[in-house]
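Here is a short briefing to keep beside the structure viewer. Have the model open, and feel free to click along as you read.

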Amino acid sequence: MIRTALQDLVGVEAPVVCTGMGFVSDPRLAAAVCNAGGLGIVAAAMMTLPELEAAVAAMNQLTGQPYGVNLRSDAPDLDDRARVLIDGGVKVASFALAPDPAVMSRLKEAGLVCIPSVGARKHAEKVAGWGADAVIAQGAEAGGHTGHVPTSLLVPQIVDSVDIPVIAAGGFFDGRGLIAAMAYGAAGIAMGTRFLLTRESPVPMSMKQRYLRTQITETVVTSSIDGHPHRVIRTEFIADLERHGLMRELVGALRNARQFQQLSGRRWPSILRQSWTMKRQHEYNLRQLVMAANAPMLCRAAMVDGREDIGVLSSGQVVGMIDDIPSCDELISRIMAEADEVLGALKEPVT
């Protein structure tokens, strides 16, 4: 039987995490992961504050197991969001970007486990110094925003540099991967694409079938979406984005910013404050700042509306290894059974 530091830290049965994927990791999916023994993380970065409050309330109705909520440190209402997590009894706060040290300290004092995601050793060392309880180390194979170092090198590098549990992400989909990650010193695995392709995932079936048809070589890392490296499925829309210049990007970004403002109900001053925070924290230039307005609407078009022609299909390379759409319970049970089988085989003498 497998027992790792992640299970002890968070209180889950299986050292398997569903990452906070925007417009995908909703309460239904996150709760299904939790009820199956893993750690489900609600993607709250694109939610309004009332939507976050409703999501936490829904999670408390759907599961009695520990769960997490993903935050962005550049959110203008970050303090209010932290309060929602504390008042709602959330177990884990995860961070897609570098966490705000003061807010992380406040969350830890309230008893939450803080788990930032990192893509480089220096970032892991920094957040560990700020008091992070664990880190998700995301290798280059992963979907969405990603770095340049493959998981097989990044994970052991970070394991050797910090004294907190490391959760491996990027390229995982089965029990063999869990054992491989543990051999590198990781305390568990985090998966995005694999959980996107489950029955409880809210992604339209047409998009799920599109993912299942995708081969390992059919993803691409592009900076044309928001100015930062982003791994997605290669589509005609992505090729079109990369072919056109700055003016096309600016026009599309401004249009998407207007749509996002209408959908979210946020006022322009709030959006502009967050944009300024993004510019200051991440040293965005004007082009990156304007392009960043693309991301929410482009992701929503695919993940919610099922529009491959105008949307972005974030995906890890592991998509080419996935050929089914199980329930979360079936998936996690299968992963743990496979892991036990692999571990047992490794203990047998070689003949």
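The points below go from the whole chain to its helices, and then to single residues.

This is a predicted model. Its secondary structure comes to 16 helices and 11 strands, and 53% of the 351 residues in the chain are buried. Among contacts between residues at least 6 apart in sequence, 63% join residues at least 24 apart.

**Helices H3, H4 and H5**

- Helix H3 covers residues 49-62 and helix H4 covers residues 78-87; the two pack at an angle of about 15°, with their axes 10 Å apart.
- Because angles under 35 degrees count as roughly parallel, H3 is roughly parallel to H4.
- The crossing of these two helices, H3 and H4, is right-handed.
- On the H3 side the contact is made by Leu49, Leu52, Glu53 and Val56, and on the H4 side by Asp80, Arg81, Arg83, Val84 and Leu85.
- By residue class, the contact of H3 with H4 divides into 5 nonpolar, no polar and 4 charged residues.
- H4 also packs with helix H5 (residues 101-109), at an angle of about 15° and with axes 10 Å apart.
- H4 and H5 are therefore roughly parallel to each other, and H4 passes H5 in a right-handed crossing.
- For this second contact H4 supplies Leu78, Asp79, Ala82, Arg83, Leu85 and Ile86, while H5 supplies Val103, Arg106 and Leu107.
- The contact of H4 with H5 divides into 6 nonpolar, no polar and 3 charged residues.
- Arg83 and Leu85 are worth a click, since they are listed in the contact of H4 with H3 and again in the contact of H4 with H5.

**Helix H2 and its surroundings**

- How many of the 9 residues of H2 are buried? The count is 7, which makes H2 mostly covered.
- The buried residues of H2 are Pro27, Leu29, Ala30, Ala31, Ala32, Val33 and Cys34.
- Their cover includes two strands, E1 and E2 (39-43), together with the helices H3, H9 (193-196) and H16 (328-347).
- Ahead of H2, the loop between strand E1 (16-18) and helix H2 (27-35) holds Phe23.
- Phe23 has a positive phi of about 65° although it is not a glycine. For context, most residues other than glycine have a negative phi.
- With a relative accessible area of 25%, Phe23 is partly exposed.
- After H2 comes Gly37, whose phi is positive too, near 110°.

**Cysteines**

- How many disulfides does a search of the whole structure find? The search returns 0.
- The cysteine sulfur closest to that of Cys18 is in Cys328, at 6.7 Å, which is too far for a bond; a disulfide would need the two sulfur atoms within 2.5 Å.
- Cys18 counts as buried, at 0% relative accessibility.
- Cys114 is buried as well, with a relative accessible area of 0%.

**Two alanines in helices**

- Ala124 sits in helix H6 (residues 121-130). Is Ala124 buried or exposed? Its relative accessible area is 0%, so Ala124 is buried.
- Leaving aside residues up to four places away in sequence, Ala124 touches Val118, Ile158 and Val162.
- The C-alpha atoms of Ala124 and Val166 are separated by 9.2 Å, and the two residues are 42 residues apart along the chain.
- Ala295 has its place in helix H15 (residues 294-303).
- Where does Ala295 stand on burial? At 10% relative accessibility, Ala295 counts as buried, because the cut-off for buried is under 20%.
- Ala295 touches Ile225 and Asp226, again not counting residues up to four places away in sequence.
- Asp226 is 69 residues from Ala295 along the chain, yet their C-alpha atoms are separated by 6.1 Å.

Notes:
Residues are numbered from 1 along each chain as its sequence is written. This is a predicted model: local features need pLDDT of at least 70, side-chain atom pairs count only at pLDDT 80 or more; totals for chains, interfaces and linings use all residues. Side-chain values use heavy atoms; hydrogens and water are left out. Buried means under 20% relative accessible area, exposed over 50%, partly exposed in between (1.4 Å probe, protein chains only). Axes are lines fitted to C-alpha atoms, for helices over the stretch in contact, and angles run from 0 to 180 degrees between N-to-C directions. Helices (H or I, at least four residues) and strands (E, at least two) are DSSP runs, numbered from the N terminus. Angles under 35 degrees count as roughly parallel, over 145 as roughly antiparallel, 65 to 115 as roughly perpendicular and the rest as oblique. A crossing is left-handed if the near helix is turned anticlockwise from the far one by less than a right angle, and right-handed if clockwise. Contact means heavy atoms within 4.5 Å. Ala, Val, Leu, Ile, Met, Phe, Trp, Tyr, Cys and Pro count as nonpolar, Asp, Glu, Lys and Arg as charged, and the others, Gly among them, as polar.
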